[in-house]
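Please look over the model shown here before reading on. The note is meant to be read with the structure open beside it.

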Amino acid sequence: MTPGQVLVHLVFPATFSAESARACLPDLEKSRADRYRFPQDAFHWAACRASLRMILGHAIQLPPLEVPIILSEFGKPLLAPPYDRVHFNLSHCPGLAIVALCHDGPVGVDLEPLDRAPDLLECEATFCHPQEIKALPAEITARASQLLRIWTAKEAVLKALGTGLSHPPETVRILFQPPVGTATSDEPLAGIGEQHLHELDHPALAGYRAVLSATPYQSMIRRIGIMLE
Ligand SMILES: CC(C)(COP(=O)(O)OP(=O)(O)OC[C@H]1O[C@@H](n2cnc3c(N)ncnc32)[C@H](O)[C@@H]1OP(=O)(O)O)[C@@H](O)C(=O)NCCC(=O)NCCS
């Protein structure tokens with residue numbers, strides 16, 4: 001990984017066994033996995049965290065168990081100094097996760113299944129900017145699809161910012177100008193500056209929307225690595 005590159009890894013949790021996933025986790029994270037009520041959710045979380053530790057470990061030349069992951073005040077996982085020049089973010093859905101990492105600036109990523117789109121109808125006021133609401137199509141399928149597009153982009157930006165949805169999403173406005181979009185906000189996106197949004201496209205992402213948010217000088221995605229395929 002060199003400056004200017006963002007590496008995007010697709011992770012398939014099912015390629016792990018429960019034992020191989022847990023072997024990569026420190027005790028604290030094993031306990032976190034154990035707090036899930038359903039075993040399949042515990043397995044999914046452990047496999048995604050194990051993949052994250054393997055990817056980060058490769059980037060900073062440490063064994064997965066020794067990767068020093070800390071949490072920001074808003075719960076964003078980060079690498080502890082002196083490894084904090086590597087920025088990363090993760091998003092997961094049942095059966096699939098995405099990990100993005102790069103040097104030199106914050107990144108955010110969000111992954112959503114396409115079949116979530118109808119759930120967003122009638123919720124636009126809770127997360128859309130008034131200008132976005134004005135521009136929504138009236139036809140119901142197109143409207144749901146555009147709402148999911150806005151939601152995924154917005155989560156990616158707010159995950160780059162590190163606040164997640166603690167920053168009011170309805171104050172953020174997404175401007176889609178393929179191949180990259182941009183985000184502006186009525187309340188400053190302090191600390192991350194301008195962000196470019198990349199709607200990710202890959203055969204394994206059929207059935208999902210996936211958006212990467214990164215600073216403009218990190219706009220090149222040089223590789224989509226398929227983790228543990
Ligand atoms: C972060 C957030 C947007 C995640 O949304 P989601 O669609 O449910 O989940 P995703 O799969 O896309 O992302 C989850 C991952 O994002 C990362 N994450 C967690 N908090 C984050 C944050 N504040 N910023 C960026 N990334 C974050 C983690 O890696 C998490 O994976 P994990 O559960 O395995 O640790 C949402 O949980 C949120 O807004 N949280 C608010 C943060 C907050 O208020 N925290 C209070 C203080 S702890």
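The numbered points below go from the overall fold to single residues.

1. Status and make-up. This is a predicted model. The protein contains six helices and 11 strands. Of its 229 residues, 37% are buried.

2. Overall size. The C-alpha trace extends over about 50 × 35 × 35 Å along its principal axes. A compact globule of 229 residues would have a radius of gyration near 17 Å, and the protein has 17 Å, so the two agree. Among contacts with a separation of 6 or more, 58% are between residues 24 or more positions apart.

3. The core. The largest nonpolar core has 55 residues. Ile98, Val99, Ala100, Val107, Val157 and Leu212 have the most contacts inside this core. At least two core residues come from each of β1 (5-11), α3, β4, β5 (96-103), β6 (108-113), α6, β7 (172-175) and β10 (208-214). Which element gives the largest share of this core? The answer is α6, with 10 residues.

4. Helix α6 as a rod. Does the length of α6 agree or disagree with its 22 residues? At 1.5 Å a residue, α6 should span 32 Å; its end C-alpha atoms lie 31 Å apart, so the length agrees. Just after α6, Gly162 has a positive phi of about 100 degrees.

5. Two residues of the α6 region. Leaving out residues up to four places away in sequence, Val157 touches Gly108, Val172, Ala183, Gln195, Leu197 and Ser213. Lys154 sits in helix α6. Is Lys154 buried or exposed? Lys154 counts as buried because it has 28 C-beta neighbours inside 10 Å, and the cut-off for buried is 20 or more. With residues up to four places away again not counted, Lys154 touches Phe127, Pro169, Val172 and Ile174. Val172 is therefore a name to look for twice, as it touches Val157 and also Lys154. The C-alpha atoms of Lys154 and Leu189 are separated by 12 Å, with their positions 35 residues apart along the chain.6. Helix α3. The 22 residues of α3 should span 32 Å at 1.5 Å a residue, and the end C-alpha atoms are 31 Å apart, which agrees. The buried residues of α3 are His44, Trp45, Ala46, Ala47, Cys48, Arg49, Ala50, Ser51, Leu52, Arg53, Ile55 and Leu56. An α-helix has 3.6 residues a turn, so residues three or four places apart point the same way.

7. Cys48. This residue lies in helix α3. Cys48 counts as buried because it has 21 C-beta neighbours inside 10 Å. Which residues does Cys48 contact, leaving aside neighbours within four places in sequence? They are Val11, Pro13, Leu90, His92 and Ala97. From Cys48 to Ser213 the distance is 20 Å, C-alpha to C-alpha, and the two are 165 residues apart in sequence.

8. The ligand. How many residues surround the ligand? There are 19, and the closest are Gly75, Lys76, Ser91, Gly164 and Leu165. By type, the shell divides into six nonpolar, eight polar and five charged residues. Helix α3 (39-60), strand β4 (86-93) and helix α6 (140-161) each supply at least two residues of this shell. The largest share, four residues, comes from β4.

9. Positive phi outside glycine. Gln61 is not a glycine, yet its phi is positive, at about 60 degrees. Gln61 comes just after α3, in the loop between α3 and β2 (69-71). Gln61 is exposed, because 7 other C-beta atoms lie within 10 Å. Glu122, also not a glycine, has a positive phi of about 75 degrees. Glu122 is in the loop between β6 and α4 (124-127). With 9 other C-beta atoms within 10 Å, Glu122 is exposed.

10. A cis peptide bond. Which two residues are joined by a cis peptide bond? The bond joins Pro81 and Pro82, with omega at about 5 degrees. Pro82 belongs to the loop between β3 (77-79) and β4.

Note on methods: Residues numbered from 1 in each chain as written. Predicted model: local features only at pLDDT ≥ 70, side-chain atom pairs only at ≥ 80, totals over all residues. Near = placed C-beta within 6 Å. Nonpolar A, V, L, I, M, F, W, Y, C, P; charged D, E, K, R; others polar. Expected span 1.5 Å × (residues − 1). Core = buried A, V, L, I, M, F, W, Y, C linked by C-beta atoms within 7 Å. Buried ≥ 20, exposed ≤ 12 C-beta atoms within 10 Å, placed from the backbone. Contact = placed C-beta atoms within 7 Å. Rg over C-alpha atoms; globule rule 2.2 N^0.38 Å.
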